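User: Hi! I'd like to go through the pockets, the cavity and a few strands and helices of this protein with you. Could you take my questions one by one?

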Amino acid sequence: MSTITAPRYTSYVPLTDLTPSPGNPKRHEIERIIESIETHGFLDQGIVDERTGLIIGGHGRREALIEMQARGTRLPDGLLIDEDGGWLVPVQRGWSSRNDLEAKAVIIKLNRLTEAAGWDSRSLAEYLEELATGDATLFDSLNYSDDEMEQLLRQVDPESLPGGSPDADELQDLGRMGGDFADSGDNDRARTVCCPACGEPFTPGQ
C-alpha cells in the first residue's frame, strides 16, 4: 500500500518558536483578537514558510497569544501544552516561497484577498439582525461602528429583512447597538439593543 504525503499539513509548534517575518506591514487589533480567541477558541491557523522558517500568516494571532500567556490566561481551546508548560500552536506547514519577494507578496495577499470582494449587504444585514436579536453579547463583540451600520442600512431595504418594520427608515440610537443596557442600577432589568433592520430597541431573545 502506497503512502500519500500531504502537500499541506498541520503541525503543533511551540509558541516561542514562531518567528515573525521582519517588517510585516499589517497592523493588528490585539485586544479584539484576544477577545475572539477567548470566546471561540483558536480557529485560524498561521502559515509557516518552509524556505525561511518564518510565519507569513498569523502575526496578529501570535502577538495575541504571547500577550495572553503573559497575562496568565488559561490555555485557549485548540492549543496544546507541552511537558514544560509551554503553549503549542497549530500552524499550516508544507509551503515554500521561491524567494523573499514572493514571501512579501504573499504576506500582503493573504490580508488583502479577504477584504477585496467586500460583503453581500443583504446577507450581512440578516446575519447582524439575527445576532442582535438572539445574542447581544456576540453582536457586541463584532464592534460595528455607528457609521458602518448606517452605511449598511443605506444599502438594504430594512422592511425586506425578517425583522423589518414600517418605521425601518428611522434609525434610532445607532451608537447603542449591541452594547446597551436598560439598567436600573441593580442589573435587574433586561438588556436592550437596537435592531440592525429598523433601529428600534428590543430585548434579545424576545
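User: Happy to start with the second largest pocket: how many nonpolar, polar and charged residues are in its lining?

Analyst: Glad to help, and please keep in mind that this is a predicted model. The second largest pocket holds about 180 Å³ of space, and 15 residues line it. By class, that lining has 7 nonpolar, 4 polar and 4 charged residues.

User: Which element gives the most to the lining of that second largest pocket?

Analyst: Ser21, Pro22, Ala103, Lys104 and Ile107 are the lining residues nearest the centre of the second largest pocket. The elements that give two or more residues to this lining are β4 and α3. With 5 residues, the top contributor is α3.

User: Now the largest pocket: which residues are the closest to its centre?

Analyst: The largest pocket encloses about 1800 Å³ of space. Its lining counts 45 residues. Those closest to the centre are Lys26, Arg32, Ile33, Thr114 and Trp119.

User: And by class, how many residues of each kind does the lining of the largest pocket have?

Analyst: Several elements give two or more residues to the lining of the largest pocket, namely α1 (30-40), β4, α2, α3 (100-116), α4 (121-134) and α6 (146-155). Sorted by class, the lining of the largest pocket has 16 nonpolar, 19 polar and 10 charged residues.

User: Let's turn to closed spaces. What is the volume of the largest cavity?

Analyst: Searching the whole structure for cavities of 30 Å³ or more turns up 1. The lining of the largest cavity has 13 residues, and Leu18, Phe42, Gly46, Gly58 and Val89 lie nearest its centre. Its volume is about 60 Å³.

User: Which element gives the largest share of the lining of the largest cavity?

Analyst: By class, the lining of the largest cavity has 6 nonpolar, 4 polar and 3 charged residues. As for its share, 3 residues of that lining come from one element, and that element is α2.

User: Gly46 also sits in strand β3. Are the residues of β3 buried or exposed?

Analyst: Strand β3 covers residues 46-49. Gly46 and Val48 point one way from the strand, while Ile47 and Asp49 point the other way. Whichever way they point, all of them are buried.

User: Which residue in β6 stands opposite Asp49?

Analyst: The strands β3 and β6 pair in the parallel sense, over 3 bridges. Across from Asp49, the β6 residue is Trp95.

User: And in β4, which residue is the bridge partner of Val48?

Analyst: With β4, strand β3 pairs in the antiparallel sense over 2 bridges. The hairpin of β3 and β4 has 4 residues between the strands, and Gly53 takes a positive phi near 80° there. The β4 partner of Val48 is Ile55.

User: Last one: why do the buried residues of α1 line one face of the helix?

Analyst: The buried residues of α1 are Ile30, Ile33, Ile34 and Ile37. In general, an α-helix has 3.6 residues a turn, so residues three or four places apart point the same way. The buried residues of α1 pack against α2. Looking down the axis of α1, its buried residues line one face because they fall within an arc of 100°.

User: Which residue takes a positive phi just after α1?

Analyst: The phi in question is about 90°. The residue that takes it, just after α1, is Gly41.

Methods
Residues numbered from 1 in each chain as written. Predicted model: local features only at pLDDT ≥ 70, side-chain atom pairs only at ≥ 80, totals over all residues. Heavy atoms only, no water. 1 Å grid on protein atoms, 1.4 Å probe; cavity = no way out; pocket = protein on both sides within 12 Å on 5 of 7 lines; lining within 4 Å. Points joined across faces, edges and corners; volume = space filled by probe spheres on them. Nonpolar A, V, L, I, M, F, W, Y, C, P; charged D, E, K, R; others polar. Buried < 20%, exposed > 50% of the residue type's maximum accessible area, 1.4 Å probe, protein only. Pairing = 2+ DSSP bridges. Arc of directions from axis to C-beta. Contact = heavy atoms within 4.5 Å.
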